[in-house]
Amino acid sequence: MNPLYRQQAEEMAFGEIGREILELSRTELYLNLRFLDVALSGLTFVPDAKIQGAGTDGSCYFYKPDWVAWMFGRGSQKVNRSYLHTVFHCLFGHIWNGGGRDREYWDLACDIAAEHLIDGLYLKAVQAPKSMFRRQAFRRLLTEGRVPTAEQIYRNLCRLHPSARELEELRAEFVSDDHRYWEEEESPGQPDLSRRKWEEARERMQTEMELFSKEASQEFRDLEEQVRAENQKKYDYREFLRKFSVLKEEMQVDPDAFDYIFYNYGMELYGNMPLIEPLETKEVQKVEDFVIVIDTSMSCKGELIHRFLQETAGILMESESFSRKINLRILQCDDRVQEDVRITSQEELAAYLENMTVRGFGGTDFRPAFAWVEELLRKKSFTKLRGLIYFTDGYGIFPVKKPPYDTAFVFMKEDYRDADVPPWAIRLVIGEEDLCQRTAEGSFQIRSDKTTDMKEIRP
């Protein structure tokens, strides 16, 4: 036989052996983690001689055949852990959420988050002794009382700024797969399809853990909390504010209502005389009457209140979303209204933010703010009030009656849990990272309970 053909045949046979090992690993994991059935079968095994060990692009699991055989020789737990580690990267969106972040820190944070989840399963199929270094790293990088997501670990890495030696030690301890395909460009539409597939698998997993696997839910509490945290949908805050806008006319060219055929015909026939001029008015969506209520009870931090107002005002002051003539009321309220400031221009808003003083620090009661706004409506202080945003920690007494305008409670939480709200209100949850980090479009994102429908806000 030709030596080249013999080498190719040996490589193919070796690749098949690696595939069989991985299929055995996937079956063993499935027998121990039934609620992961869809996720475990979500990757196609593809041999890859160039990859360092194994890795994924969200669709395929690329593996080096000799590496798989070597790992299997050290014990099936090694292969199981490595495969589950990569599945968790896909399941929790690590592959797609690194945009705008330091890539070195982000990759390491994702590996630490995945390994922490696996260590918390306490399964023989993935069991491995935890070194003292690993325990110390968890104590340093995981914030007590918060869900240990990759985002949380990433912020702690940025805060601690480990030395080059420390980073190398952390990588040696936690890195389990190759992330090179996380940056690879896909064909148009493919990343969205792949990501949506994993989102659906994660949502199904949460349902099974909550409804059909109560025992598993108790046993794998850390995993369930991660799934819940990741399943909270994200919305662009700019788009959210636009839901409160008012339809009105503004003096500007409306290109959608302009007929270029007659315009060009006139220019060709008469030289410089168009037959039809463009319309000088256009119906646009603008925020005009708006209320922001700030919970100034003792449980809300003044620094976070400032950040929230700065971000909200920054979006409102953009020309495409804020009317030139505005009527913005900013209320500070704990168990009673402490301050009511009327803003009529962007200049007044900027001056208020610069000199703002937080007032209150008593108990929390949401009802006085709504009663105050009801009195303003009775006095006809608003032309057309479309919405109210209440920034709070969530611990207070809600009004029973639905107000005649859309209402959103924005909860400042250190983790994903939040209080129940009345059925007529919209519930949004933000974390500290949402106030500190903007998206590429210049806004920050809001997390929402997966059952919240943004269409509840009527345009």
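Start at helix α3 (65-74): with 4 residues, α3 gives the largest share of the lining of the second largest pocket. Keep in mind as you click around that this is a predicted model.

**The second largest pocket**

Show the pocket as a surface if your viewer can do it; the volume is about 500 Å³. Now select Lys78, Arg134, Glu173, Val175 and Ser176, which are the closest to the pocket's centre among the 20 residues that line it. Colour the helices next: α3, α4, α5 and α8 are the elements that give two or more residues to this lining. By residue type, the lining divides into 8 nonpolar, 4 polar and 8 charged.

**His89, in α4**

Stay with α4 and pick His89, which has its place in this helix (residues 76-91). How buried or exposed is His89? The relative accessible area is 0%, so His89 counts as buried. Turn on the side chains around His89 and you'll find contacts with His94, Ile95, Cys110, Asp111, Ala114, Asp177, His179 and Trp182, leaving out residues up to four places away in sequence.

**The cavity**

One of those contacts, His94, takes you to the next stop, since His94 also appears in the lining of the largest cavity. A search of the whole structure turns up 1 cavity of 30 Å³ or more, and the volume is about 50 Å³. To see what encloses it, select Phe92, His94, Ala113, Leu117, Thr149, Ala150, Glu151, Gln226 and Glu230. Which helices should you colour here? Go for α5 (103-119), α7 (150-160) and α11 (221-231), each of which supplies at least two residues of the lining. Sorted by type, the lining residues come out as 4 nonpolar, 3 polar and 2 charged.

**Arg101 and two rings**

Select Arg101, then add Trp106: the charged end of Arg101 sits over the Trp106 ring, 4.5 Å from the ring centre. Add Tyr154 as well, because there is a second ring to look at here. Arg101 lies over the face of Tyr154 too, at 5.6 Å from the ring centre.

**Aromatic pairs**

Now display every Phe, Tyr and Trp ring; the whole structure holds 15 aromatic pairs. Zoom in on Phe62 and Tyr181, where the ring centres are 4.5 Å apart and the planes meet at 40°, so this pair is tilted. The two partners come from distant parts of the chain, 119 residues apart: Phe62 is in strand β3 (residues 60-63), while Tyr181 is in the loop between α8 (164-174) and α9 (190-212). Phe62 counts as buried, with 12% relative accessibility, and Tyr181 counts as buried at 13%.

Then jump to Phe366 and Phe398, another tilted pair, with 4.6 Å from centre to centre and 45° between the planes. Both are in loops, 32 residues apart: Phe366 between α15 (346-355) and α16 (367-378), and Phe398 between β9 (385-392) and β10 (406-412). Both of these Phe residues are buried. Which residues join them in an aromatic cluster? Add Phe370, Tyr390, Phe409 and Trp424 to your selection, and you have the whole cluster.

**Pro403, beside the cluster residues**

Keep Phe370 and Trp424 on screen and add Pro403, which is in contact with both once neighbours within four places in sequence are set aside. Pro403 is in the loop between β9 and β10. Its relative accessibility is 9%, so Pro403 counts as buried. Draw a C-alpha to C-alpha distance from Pro403 to Trp424: you should get 8.6 Å, for two residues 21 apart in sequence.

**Gln332, in β7**

For the last close-up, go to Gln332 in strand β7 (residues 322-333). This residue is buried, with a relative accessible area of 0%. What does Gln332 touch? Not counting residues up to four places away in sequence, the contacts are Ile294, Thr296, Val337, Gln338, Glu339, Tyr352, Met356, Thr357, Val358 and Arg359. Try one more distance here, from Gln332 to Thr357: the C-alpha atoms are separated by 9.8 Å, with these positions 25 residues apart along the chain.

**Zoom out**

Finish with the whole chain as a cartoon, coloured by secondary structure: you're looking at 17 helices and 12 strands. Switch the colouring to accessibility, and buried residues make up 50% of the 459 in the protein. As for contacts, take those between residues at least 6 apart in sequence: 68% of them join residues at least 24 apart.

Notes. Residues numbered from 1 in each chain as written. Predicted model: local features only at pLDDT ≥ 70, side-chain atom pairs only at ≥ 80, totals over all residues. Heavy atoms only, no water. Phe/Tyr/Trp six-rings, centres within 6.5 Å; stacked < 30°, edge-to-face > 60°. Buried < 20%, exposed > 50% of the residue type's maximum accessible area, 1.4 Å probe, protein only. Lys NZ or Arg CZ within 6 Å of the ring centre and 35° of its normal. 1 Å grid on protein atoms, 1.4 Å probe; cavity = no way out; pocket = protein on both sides within 12 Å on 5 of 7 lines; lining within 4 Å. Points joined across faces, edges and corners; volume = space filled by probe spheres on them. Nonpolar A, V, L, I, M, F, W, Y, C, P; charged D, E, K, R; others polar. Contact = heavy atoms within 4.5 Å.
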